[in-house]
Amino acid sequence: MQKGCFLSVVVPMYNEEEVIEVTYRRLKAVLDKLGETYEIVFVNDGSRDKTSDIVRGLCAADESVKLVEFSRNFGHQIAVTAGMDHAGGRTVVLIDADLQDPPELIADMVAKWRQGYDVVYGKRIERKGESWFKKMTAAAFYRLLRSMTSVNIPVDTGDFRLMDRKVCDALTSMRERSRFIRGMVSWAGFKQTSVDYVRDERFAGETKYPLRKMVRLSLDAMTSFSTKPLKIASVLGFVLSAVGFVYLFVVLYQRLFTDTTMQGWTSMIAISLLFHGITLSLLGVLGEYIGRTYEEAKGRPLYLVSDAVNFQESRDASRE
Ligand code: UDP
Ligand code: MG
């Protein structure tokens, strides 16, 4: 941690060997133009390719480049957190390694910060080169999340943002493991503003966010920012009981005062399947919350660092 530098750029990486060097060069060009002191904190999130070797090479040649190496893959949001833990700048920028977020925008973010804003987030006005499916699910997710939480999370923003030191400190003081950083930043408050940008295609390589990880992130976001799903059970239970009650009277009336008797099997099976389905999904919802409570209760460290390069002070192998 270089205390007192002006800007720290945090870059999480998972198997990004194809993009690191270009990312480094583009970042460097932007940062040199700023004319302020800076550091680039790469976090290697357990990559299995040459990412680590490449960054170590950069570290040897340029001491403003730092590397935090994880003992295994802990996930994007945790990697970003580790970067923030190790960043010492007056301001901290979070950016993806794949150049989908243009580094050139950092200059605009710094300008906004100088105007007195504490958080400047990038707002994607267009996403290039991403599949129709990804765009649709992302758009639906942001809107659903917004409708379910009381925290005002801006739609169509990623983690690409600049934060003041005090916001970064606030975030690193929250040690919850279901992390959804853009939500946590909104929760923290402070003076926030946005800059618009067009999200480019990935410079090279594949997305490191397969559907499985997207679902996980969405569930983390939902469960850490809303308890509404838990209330679905009570509302649904109430509505269904009311319907059942009314139906009971209909059936009794038919039985007592008319000759028609209901034919049963098919409708019984249908109703039974429907209700078991609903019950099991609600148990699943409960399970999501309980599982997360259990994870938190264990109180394990968020991540383990196997090596840290170019940091002045030697640091513990792990932080809580
Ligand atoms: N990433 C990471 N750990 C993971 C998955 C992704 O550190 O387990 C990093 C990845 O290297 C990249 C950033 O998170 O810098 C965003 O990932 P990606 O570009 O694959 O996501 P997408 O833009 O497709 O949503
Ligand atoms: Mg990307």
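The exercises below, each with a worked solution, concern a predicted model.

**Exercise 1. Describe how helices α1 and α2 pack, and say which residues make the contact.**

Solution. Begin with the geometry: helix α1 covers residues 20–34 and helix α2 covers residues 51–61, and their axes come within 10 Å and cross at roughly 35°. The handedness is the next step, and the crossing of α1 and α2 is right-handed. On the α1 side the contact is made by Ile20, Glu21 and Tyr24, while α2 supplies Thr51, Ile54, Val55 and Leu58. Sorted by class, the residues of this contact divide into five nonpolar, one polar and one charged.

**Exercise 2. Decide which term describes the orientation of α3 relative to α6, and give the make-up of their contact.**

Solution. Helix α3 (residues 76–86) and helix α6 (residues 165–172) pack at an angle of about 125°, with their axes 10 Å apart. Angles of 65 to 115 degrees count as roughly perpendicular and those over 145 as roughly antiparallel, with the rest between them counted as oblique, and α3 and α6 are therefore oblique to each other. The crossing of these two helices, α3 and α6, is left-handed. Thr81, Met84 and Asp85 of α3 make the contact with Cys168, Leu171 and Thr172 of α6. By class, the contact of α3 with α6 has three nonpolar, two polar and one charged residues.

**Exercise 3. Work out the crossing of α6 and α7, and the classes of the residues in their contact.**

Solution. The axes of α6 and α7 come within 10 Å and cross at roughly 115°, and the crossing is right-handed. From α6, the residues Val167, Ala170 and Leu171 meet Met184, Val185 and Ala188 in α7. The residues of this contact divide into six nonpolar, no polar and no charged.

**Exercise 4. Compare the span of helix α8 with its expected value, and identify what covers its buried residues.**

Solution. Helix α8 runs over residues 211–225, which gives 15 residues. From its first C-alpha to its last, α8 reaches 21 Å, close to the 21 Å expected at 1.5 Å a residue. Turning to burial, the buried residues of α8 are Asp220, Ala221, Met222 and Phe225. What covers these buried residues includes α5 (132–148), α7 (181–188) and α9 (228–257).

**Exercise 5. For Arg124, Val309 and Ile181, establish the burial class and the contacts made with residues further along the chain.**

Solution. Take Arg124 to start with, which lies in strand β5 (residues 119–127). A residue is buried if 20 or more other C-beta atoms lie within 10 Å of its own, so Arg124, with 20 C-beta neighbours inside 10 Å, counts as buried. Leaving aside residues up to four places away in sequence, Arg124 touches Asp156, Thr157, Gly158, Tyr197 and Arg199. Between Arg124 and Ser47, which are 77 residues apart in sequence, the distance from C-alpha to C-alpha is 27 Å.

Val309 is found in strand β8, and because it has 18 C-beta neighbours inside 10 Å, Val309 counts as partly exposed. Although Val309 and Cys59 are 250 residues apart along the chain, their C-alpha atoms are separated by 7.2 Å. Cys59 is also one of the residues that Val309 touches, together with Arg56, Lys66 and Leu67, when residues up to four places away in sequence are not counted.

Ile181 is found in helix α7, and its 21 C-beta neighbours inside 10 Å mean that Ile181 counts as buried. With residues up to four places away in sequence not counted, Ile181 touches Gln77, Val80 and Asp159. The C-alpha atoms of Ile181 and Val22, which are 159 residues apart along the chain, are separated by 26 Å.

**Exercise 6. Locate Leu99 and Asn310, each with a positive phi, and determine whether each is buried or partly exposed.**

Solution. Leu99 has a positive phi of about 65° although it is not a glycine, and it lies in the loop between β4 (91–94) and α4 (105–114). With 18 other C-beta atoms within 10 Å, Leu99 is partly exposed.

Asn310, likewise not a glycine, has a positive phi of about 75°, and its place is in the loop between β8 (303–309) and β9 (318–319). Asn310 has 21 C-beta neighbours inside 10 Å and therefore counts as buried.

Conventions: Residues are numbered from 1 along each chain as its sequence is written. Chains are lettered from A and ligands numbered from 1 in the order in which they are written. This is a predicted model: local features need pLDDT of at least 70, side-chain atom pairs count only at pLDDT 80 or more; totals for chains, interfaces and linings use all residues. Helices (H or I, at least four residues) and strands (E, at least two) are DSSP runs, numbered from the N terminus. A residue is buried if 20 or more other C-beta atoms lie within 10 Å of its own, exposed if 12 or fewer, and partly exposed in between; C-beta atoms are placed from the backbone. Axes are lines fitted to C-alpha atoms, for helices over the stretch in contact, and angles run from 0 to 180 degrees between N-to-C directions. A crossing is left-handed if the near helix is turned anticlockwise from the far one by less than a right angle, and right-handed if clockwise. Two residues are in contact if their C-beta atoms, placed from the backbone, lie within 7 Å. Ala, Val, Leu, Ile, Met, Phe, Trp, Tyr, Cys and Pro count as nonpolar, Asp, Glu, Lys and Arg as charged, and the others, Gly among them, as polar. The expected span of a helix is 1.5 Å times one less than its number of residues. Angles under 35 degrees count as roughly parallel, over 145 as roughly antiparallel, 65 to 115 as roughly perpendicular and the rest as oblique.
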